[in-house]
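Colleague: Please take a close look at one part of this model, the surface that faces the nucleic acid, and then follow the protein away from it.

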There are 2 protein chains.
Amino acid sequence: MRRGLEFKKKARIILVDDNYEHLSGIKELIEIESDFDVVATATSASVAVSLIKKYRPEIVLMDINMPEKDGLTAIAEIEKLDLGVRIIALTGYDDPDLIFRAMKIGAKGYILKTMASAQLIYAIDEVAAGKIYLPATLSSRFFEYFQKSFKEETQSIPDEENLLNDLTQREEEVLDLLTQGITYKGVAQKLFISETTVKTHVNNIFQKLQVNDRTQAVLYALNNGFLNRRKVKIAI
Amino acid sequence: MRRGLEFKKKARIILVDDNYEHLSGIKELIEIESDFDVVATATSASVAVSLIKKYRPEIVLMDINMPEKDGLTAIAEIEKLDLGVRIIALTGYDDPDLIFRAMKIGAKGYILKTMASAQLIYAIDEVAAGKIYLPATLSSRFFEYFQKSFKEETQSIPDEENLLNDLTQREEEVLDLLTQGITYKGVAQKLFISETTVKTHVNNIFQKLQVNDRTQAVLYALNNGFLNRRKVKIAI
DNA sequence: ACGGATTTAGTCCATATGGTCTAGAAACAG
DNA sequence: CTGTTTCTAGACCATATGGACTAAATCCGT
């Protein structure tokens with residue numbers, strides 16, 4: 001930034017929108033109102049992907065609602081290529097789920113088609129400068145959705161009625177080992193107790209968790225917290 | 001908004017900061033520069049919680065870096081009470097991890113102490129109006145962190161070397177049912193095949209996933225995606 | 001149409017797991 | 001100090017699971 005515009009290479013942009021009218025409108029806008037270089041346009045996600053591979057643009061403006069391969073899938077695909085392309089998602093609607101998913105898979109910005117053209121240019125500017133840009137209203141929507149997801153996740157374990165709390169210390173240890181896929185014999189060795197003792201503990205665990213087998217106990221443990229918070233995957 | 005200020009009840013605020021100087025400074029600022037009503041202040045998280053229970057304010061301004069019970073824990077605690085209190089986090093640093101965790105547990109805003117007082121007032125305004133407010137710079141930081149977390153999660157399954165890809169369609173179905181804690185007999189019934197067939201599939205699954213029993217197969221499936229993306233817990 | 005992969009299903013056998021009970025030692029709370 | 005809980009461990013038995021085969025029917029691609 002300090003160096004001023006004279007050293008800044010014009011960022012190269014590829015536009016993707018299944019609506020051709022829109023496409024040329026945006027292209028014109030960018031070329032007139034900004035300093036960016038629209039190197040290519042595409043009206044389908046699959047074409048877009050090959051164009052991106054060829055031109056290696058800095059920025060991609062991607063319409064999300066497209067038929068056949070939808071925009072989100074396309075974004076995921078492009079991100080996976082890891083070309084350093086910075087993608088800005090573009091839609092007509094401010095559906096929080098869409099916003100969330102787009103940002104989750106790596107979109108660097110999200111703009112509505114209804115927004116003023118100045119805002120579009122500003123967003124591209126910010127994203128080209130390495131930032132992530134979400135207009136305040138969309139950001140607000142995003143966070144509401146984000147927090148709701150988390151709240152549902154966490155309040156689903158009201159601490160009471162979480163049967164894991166009924167387990168004794170030793171039982172927790174045993175269950176912990178079970179959630180690592182260790183056999184009874186293995187548990188016995190790890191805890192320096194006999195295998196029959198392990199079986200006793202396990203049976204008590206089953207009763208307390210109201211399940212009938214090891215797999216169900218492990219699943220209960222994983223889905224209801226406490227144990228094994230380590231590797232569990234994200235999957236909103 | 002349309003109704004104008006004359007119908008707007010003055011939002012009641014509680015301030016929490018272990019630094020008394022800061023506390024009175026902010027209090028003064030709010031009382032002079034805004035329309036809000038500072039009903040109480042606290043210099044510790046535990047006192048804050050009881051004050052909040054007593055006064056039921058609309059807004060809480062909470063300093064995050066405090067000794068003993070830290071601000072994040074306090075926020076989580078207050079959110080759990082579900083009093084409809086909207087909490088704005090306040091710190092000196094723009095540590096993305098702090099921002100992420102604060103927003104995750106339900107903070108409705110996040111402001112730096114170094115920000116202009118006008119911005120503080122604006123944030124309170126927005127949050128009081130029911131929105132979630134993050135200044136653009138912090139929002140940007142948040143998203144970088146957010147996307148990095150996700151990328152690490154997903155790229156940890158490089159698609160190749162994910163043994164789940166070796167499974168046939170039917171094997172996937174079987175494994176899917178296993179990850180629901182269903183017994184072989186149950187799987188057989190659900191898929192309308194004999195139990196021995198299920199066993200055959202299961203044995204093939206074991207070989208392909210290089211595991212020795214059902215539990216390990218289920219754990220592999222849960223930890224390496226594809227199946228059962230439903231209930232799996234969040235745990236960044 | 002041929003060959004490989006997939007899905008189905010069986011046998012045989014060993015071992016692990018699950019259910020129920022009893023029971024002693026140790027730890028702990030009132 | 002006494003009753004309760006926890007941890008330990010055993011017996012006994014039924015059933016589920018896992019391993020190693022064989023094999024037929026079907027599907028799929030070239």
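Modeller: In this predicted model, a polar side-chain atom of Arg214(A) lies 2.2 Å from a phosphate oxygen of DNA strand C. Lys185(A) likewise places a polar side-chain atom 3.2 Å from a phosphate oxygen of that strand, and for an N or O atom in the side chain of Thr183(A) the distance to a phosphate oxygen is 3.1 Å. The elements giving two or more residues to the surface near the strand are α8 (184-191) and α9 (195-209) of chain A, together with α7 (169-178) and α9 (195-209) of chain B. Here helices are DSSP runs of H or I with at least four residues, strands are runs of E with at least two, and both are numbered from the N terminus. α9(B) gives the most, with four residues.

There are 18 residues around DNA strand C, and Tyr184(A), Arg214(A), Thr168(B), Arg170(B) and Ser194(B) come nearest; a residue is near if one of its heavy atoms lies within 4 Å of the strand. Sugar and phosphate make up 71% of the atoms of DNA strand C that come within 4 Å of the protein.

Residues are numbered from 1 along each chain as its sequence is written, with chains lettered from A and ligands numbered from 1 in the order in which they are written. Local features need pLDDT of at least 70, side-chain atom pairs count only at pLDDT 80 or more, totals for chains, interfaces and linings use all residues, and side-chain values use heavy atoms, leaving out hydrogens and water.

Away from the DNA, Phe142(A) and Phe142(B) touch the most other members of the largest nonpolar core, which has 112 residues. Such a core is a set of buried Ala, Val, Leu, Ile, Met, Phe, Trp, Tyr and Cys residues joined through side-chain atoms within 4.5 Å, where buried means under 20% relative accessible area (1.4 Å probe, protein chains only). Leaving aside residues up to four places away in sequence, Phe142(B) touches Phe142(A), Phe143(A) and Phe146(A) in chain A, and Ile99(B), Phe100(B), Met103(B) and Leu134(B) in chain B; contact means heavy atoms within 4.5 Å. A second, separate core holds 48 residues, including Leu178(A), Ile182(A), Leu209(B) and Leu222(B). In soluble globular proteins, nonpolar side chains tend to be buried together.

Notes. Buried < 20%, exposed > 50% of the residue type's maximum accessible area, 1.4 Å probe, protein only. Polar contact = N/O pair within 3.5 Å; in protein donor to acceptor, adjacent residues only side chain to side chain.
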